[in-house]
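Welcome, and thank you for opening the viewer. Let us walk through this structure one selection at a time.

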Amino acid sequence: MSTDIQHKIGVGIIGASPNNPGWAVGAHIPAIRKLRDYELVAVSTSNHESAAAAAREFGVSAFDNYKELIEHPGVDLVVIAVKVPHHYEIARAAIEAGKMVYSEWPLGMNTKEAEELAKLAESAGVRTIIGLQARFSPAIRYARDLVADGYVGEVLSTALSGTALIWGPASPSKFDYIYDVNGGATMLASAGLHAIDGLIFVLGEYESLVAKLVVRHPEVTLTETGDKLQVTAPDHLAVAGTLTGGALATVLYRSGTSRDVDLRWEIVGTKGELVITADFNGNIQNTELKLKGGQGEEKSLHEIDIPERYTAILKDLPEGPARYSNIAQVYESLAKDIREGTRLTPDFAHAVKRHRLYDTIMAASRTGAEQYVDASNE
């Protein structure tokens, strides 16, 4: 039975500097401010000057030390929107303080960190959320329901290809860490696993897979300085395998952008097809997706209107990252879980599964051998 949330959930965001606005400022804060169950009460930045600017900009408590934000009595939910190397220590501190934690994906630098955080949260009885939000896209959620309702019949195969915007031969200095295979934010870890998680949400887990990840731009030039870095993080990837239902699934990602659509995802079945596309930005979790379909004797695809029940939350959000990031839907899902006593929002245990899948894909590429996927959380 549903129950009302007794008071607004106080949100504290770590990584919300207005001096260098990023994901937190562009996506999280506008979403929080439009949702009835939430209130932004604090932000944390990396230094005193940006914290002072944040206090003026957002009209909330601002700190230059994340520990002070975690200790703020009005903060119920700690949101971690900083670089991956800092996720573990912040999430651990928030869990130990008994606060709910929302971490951007990836959860940790590796599977070990993710496992430790998931176990710690479970022992502490703390709710957690992982930022794998592609599954909250209206187009993806409707496609999932259409597949379940038999629109395409038995799923035979699926093919998803996209561009990742970055990981090319030139880059702003702020992205230098993504070119390090051990930096926690590779193309596979970010664009790739966001897409694969969305695919799995619609069609089911991988049973087995093969993969190839390669570096095609061995050197990157930092645009501000002209300095050059050697690249170790693959900028092209291909994953192919069989899903538990028997369908063949392929995922391909590459650096840069496309002269055509930046994302195309085809689901082929015995009775029809569904196709999801993005005209710009192939990062499936934070782009505007369009849905097309065709069945039976139809010789071409047609636009499929997405019912309002999937899109209603978007009407009050501003254009840009807040509207197309699916962040608002994650917050809404958490609030619904709290009201109804459910745990349907992807959490740190779910993050562990995806970290393990990352390891499996890397092993497939490294060995050249087919890998069987353990989709459990054992």
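Start by selecting tyrosine 38, which has a relative accessibility of 2% and therefore counts as buried. Keep in mind on every stop that you are looking at a predicted model.

**The tyrosine cluster**

Tyrosine 38 is a good way into the aromatic pairs, of which the structure holds 3. Add tyrosine 331 to your selection: its ring and that of tyrosine 38 make an edge-to-face pair, with 5.1 Å from centre to centre and 70° between the planes. This pair joins distant parts of the chain, since tyrosine 38 belongs to strand S2 (residues 38–44) and tyrosine 331 to helix H10 (residues 327–340), 293 residues apart. Is tyrosine 331 buried or exposed? Tyrosine 331 is buried, at a relative accessible area of 1%.

Now bring in tyrosine 102. Its ring centre lies 5.3 Å from that of tyrosine 331 and the planes meet at 50°, so this pair is tilted. Here too distant parts of the chain are linked: tyrosine 102 is in strand S5 and tyrosine 331 in helix H10, 229 residues apart. Tyrosine 102 is buried as well, with a relative accessible area of 1%. With Tyr38, Tyr102 and Tyr331 all selected, you can see the cluster that the ring pairs create.

**Along helix H2**

Next, select residues 48–58, which form helix H2, and colour its buried residues: Ser50, Ala51, Ala53, Ala54 and Phe58. Why do they lie on the same side of H2? Because the arc they cover around the axis is only 160°. As a rule, an α-helix has 3.6 residues a turn, so residues three or four places apart point the same way.

What do the buried residues of H2 pack against? Show helix H1 (23–32), S2 and strand S3 (61–63), and you have the partners of these residues. Then turn the view round to the face pointing away from the buried side, where His48, Glu49 and Arg56 are exposed.

Both ends of this helix deserve a click. At the N-terminal end, asparagine 47 acts as a cap, with a side-chain oxygen 3.2 Å from the backbone nitrogen of glutamate 49. Just after H2 comes glycine 59, whose phi is positive at about 65°.

**A charge over a ring**

Select arginine 144 and phenylalanine 201 together. The charged end of arginine 144 sits over the ring of phenylalanine 201, at 4.2 Å from the ring centre.

**Backbone stops in the loops**

Before the last selections, one general point helps: most residues other than glycine have a negative phi, and most peptide bonds are trans.

Go to the loop between strand S5 (100–104) and helix H5 (111–124), where proline 106 is found. The peptide bond leading from tryptophan 105 to proline 106 is cis, and its omega is near -5°.

Move on to tryptophan 167, in the loop between strand S7 (155–163) and strand S8 (170–171). Although not a glycine, tryptophan 167 has a positive phi, near 65°. Tryptophan 167 is buried, its relative accessible area being 4%.

Finish at asparagine 281, which you will find in the loop between strand S15 (272–278) and strand S16 (290–295). Asparagine 281 is another residue other than glycine with a positive phi, here about 80°. With a relative accessible area of 9%, asparagine 281 is also buried.

Notes. Residues numbered from 1 in each chain as written. Heavy atoms only, no water. Helix = DSSP H or I, 4+ residues; strand = E, 2+ residues; numbered from the N terminus. Buried < 20%, exposed > 50% of the residue type's maximum accessible area, 1.4 Å probe, protein only. Phe/Tyr/Trp six-rings, centres within 6.5 Å; stacked < 30°, edge-to-face > 60°. Lys NZ or Arg CZ within 6 Å of the ring centre and 35° of its normal. Arc of directions from axis to C-beta. Contact = heavy atoms within 4.5 Å. Polar contact = N/O pair within 3.5 Å; in protein donor to acceptor, adjacent residues only side chain to side chain.
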